[in-house]
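Visitor: I'd like to go through this model label by label and hear what backs each one. Can you take me round?

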Amino acid sequence: MFSWLRCSRTPAQIMKRRLNLWLPLLFSGIVITEIAEDFTSVKGKMKNWKLTKNMHGSQFGGSLFKFTDPIYAMMLQNILGKSYYVWDKEAHIDFVKAAYGEVFLECRLSHAEIDAIKNAAANGEKHLPEFTVRLFDAHNETIAIAKRIVYVRLKREHRP
C-alpha cells in the first residue's frame with residue numbers, strides 16, 4: 001500500500017517523494033528532481049502549466065517564490081538533525097525576467113557553510129544564515145534571485 005516508504009529507500013529519496021506529493025508544490029507544477037544523499041544539494045523544476053501562468057502568459061510570481069520556500073530549511077534540518085530547530089525566517093525575491101517556459105533551481109550547501117552554521121549555533125544562540133537562490137530558464141538565463149534567511153538554534157537539551 002505505501003510502497004514508496006519502503007525501508008530500502010534512502011532518507012533523501014523519501015524526502016524527495018514527500019516534497020513532490022506536498023500539495024503546495026504539486027499544484028504549482030513544482031517537481032524536486034534530485035536531492036543529494038547528504039542533503040547538500042537539491043535540484044528542481046517548475047513545469048510550464050496553463051494554470052501556473054499569470055494574465056501576461058508568464059509564470060506566476062507567487063509560484064516562482066514558492067519554489068524556493070522549503071528547500072534550504074529542509075536541507076539544513078536533515079543535515080543538522082533533530083538536535084536543532086530549523087525554520088524559514090525571512091525571504092525576498094527579485095524578479096529579473098519573465099518566465100515563459102519551465103523554470104529550474106539548484107540549491108547547494110558547502111561543507112564549510114555547514115561547519116560555520118554549526119559553530120555559530122554551538123552555544124545555543126540563534127543563527128540566521130542567508131542563502132541566495134537563482135531561478136533560471138532552459139537557456140540558463142536568470143529569471144529571479146531569491147534570498148532566504150533561515151533560523152537555526154541548538155535545542156536546549158543539547159546545549160553545553
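Guide: Sure, we'll start with the sheet and then move on to the side chains and loops. Keep in mind that this is a predicted model.

Visitor: What makes E1 and E3 the edge strands?

Guide: Look at the order first: the open sheet of 6 strands runs E1-E2-E4-E5-E6-E3, with antiparallel pairing. Strand E1 (30-35) and E3 each pair on one side only, and that's what makes them the edges. From one strand to the next, the twist averages 25°.

Visitor: How do you know that E4 pairs with E2?

Guide: Count the bridges. Pairing takes at least two of them, and strand E2 (residues 41-46) is joined to E4 by 6, running antiparallel. One spot to click on is Lys45, which stands opposite Phe104 in E4.

Visitor: And what makes E4 and E5 a pair?

Guide: Same kind of test: at least two bridges are needed, and E4 shares 3 with strand E5 (residues 130-137), in the antiparallel sense. Phe104 turns up here too, standing opposite Phe136 in E5.

Visitor: How many bridges join E5 to E6?

Guide: There are 7, and those two strands run antiparallel as well. Arg134 stands opposite Ile145 in E6. Helix H5 (residues 111-121) packs on the sheet, where it touches E3, E4, E5 and E6, and its direction makes about 40° with that of E6.

Visitor: Which side chains of E4 point to the buried face?

Guide: Along E4 (residues 103-108) they alternate: Val103, Leu105 and Cys107 point to one face and are buried. Phe104, Glu106 and Arg108 point to the other face and are not buried.

Visitor: Why is Glu106 called partly exposed?

Guide: The label covers what lies between the buried cut-off, under 20%, and the exposed one, over 50%. Glu106 has 36% relative accessibility, so it counts as partly exposed. Arg108 comes in at 48%, so partly exposed is the label there too.

Visitor: What makes Arg108 and Glu106 a salt bridge?

Guide: Distance: the nitrogen has to be within 4 Å of a carboxyl oxygen. For Arg108 and Glu106, the closest N and O atoms are 3.4 Å apart, and that pair forms a salt bridge. The structure holds 6 salt bridges.

Visitor: How do you know that Lys45 forms a salt bridge with Glu102?

Guide: Hold the pair up to that 4 Å limit: the closest N and O atoms of Lys45 and Glu102 are 3.7 Å apart, and they form a salt bridge. The pair links distant parts of the chain, with Lys45 in strand E2 and Glu102 in the loop between strand E3 (84-95) and E4, 57 residues apart. Lys45 is at 24% relative accessibility, so it counts as partly exposed. Glu102 is at 31% and counts as partly exposed too.

Visitor: What about Asp88 and Arg148: what makes that pair a salt bridge?

Guide: Their closest N and O atoms are 3.6 Å apart, against the 4 Å limit. Asp88 lies in strand E3 and Arg148 in strand E6 (residues 142-154), so the pair ties together parts that are 60 residues apart in sequence. Asp69 joins in as well: Asp69, Asp88 and Arg148 are linked in a network of salt bridges.

Visitor: Why is Arg148 called buried?

Guide: Buried means under 20%, and the relative accessible area of Arg148 is 5%, so the label fits. Its partner Asp88 has 30% relative accessibility and therefore counts as partly exposed.

Visitor: Which residues make the nonpolar surface patch?

Guide: Leu23, Leu26 and Phe27 make the patch, which is about 300 Å². A patch residue needs over 30% relative accessible area, and Leu26, which sits in helix H2 (residues 23-26), has 33%.

Visitor: Last stop, the loops. What is phi of Phe39?

Guide: Phi is near 65°, a positive value in a residue other than glycine. Phe39 is found in the loop between E1 and E2, and its relative accessible area is 4%, so it counts as buried. For Asn140, phi is again positive, near 65°, and this residue isn't glycine either. Asn140 is found in the loop between E5 and E6. With a relative accessible area of 48%, Asn140 is partly exposed.

Technical notes. Residues numbered from 1 in each chain as written. Predicted model: local features only at pLDDT ≥ 70, side-chain atom pairs only at ≥ 80, totals over all residues. Heavy atoms only, no water. Buried < 20%, exposed > 50% of the residue type's maximum accessible area, 1.4 Å probe, protein only. Helix = DSSP H or I, 4+ residues; strand = E, 2+ residues; numbered from the N terminus. Patch = residues over 30% accessible without salt bridge, like charges linked within 9 Å, V, L, I, M, F, W, Y side chains within 5 Å. Areas by Shrake-Rupley, 256 points an atom, 1.4 Å probe, with all protein chains shown as cover. Salt bridge = Lys/Arg side-chain N within 4 Å of Asp/Glu carboxyl O. Axes fitted to C-alpha atoms, helices over the stretch in contact; angles between N-to-C directions. Contact = heavy atoms within 4.5 Å.
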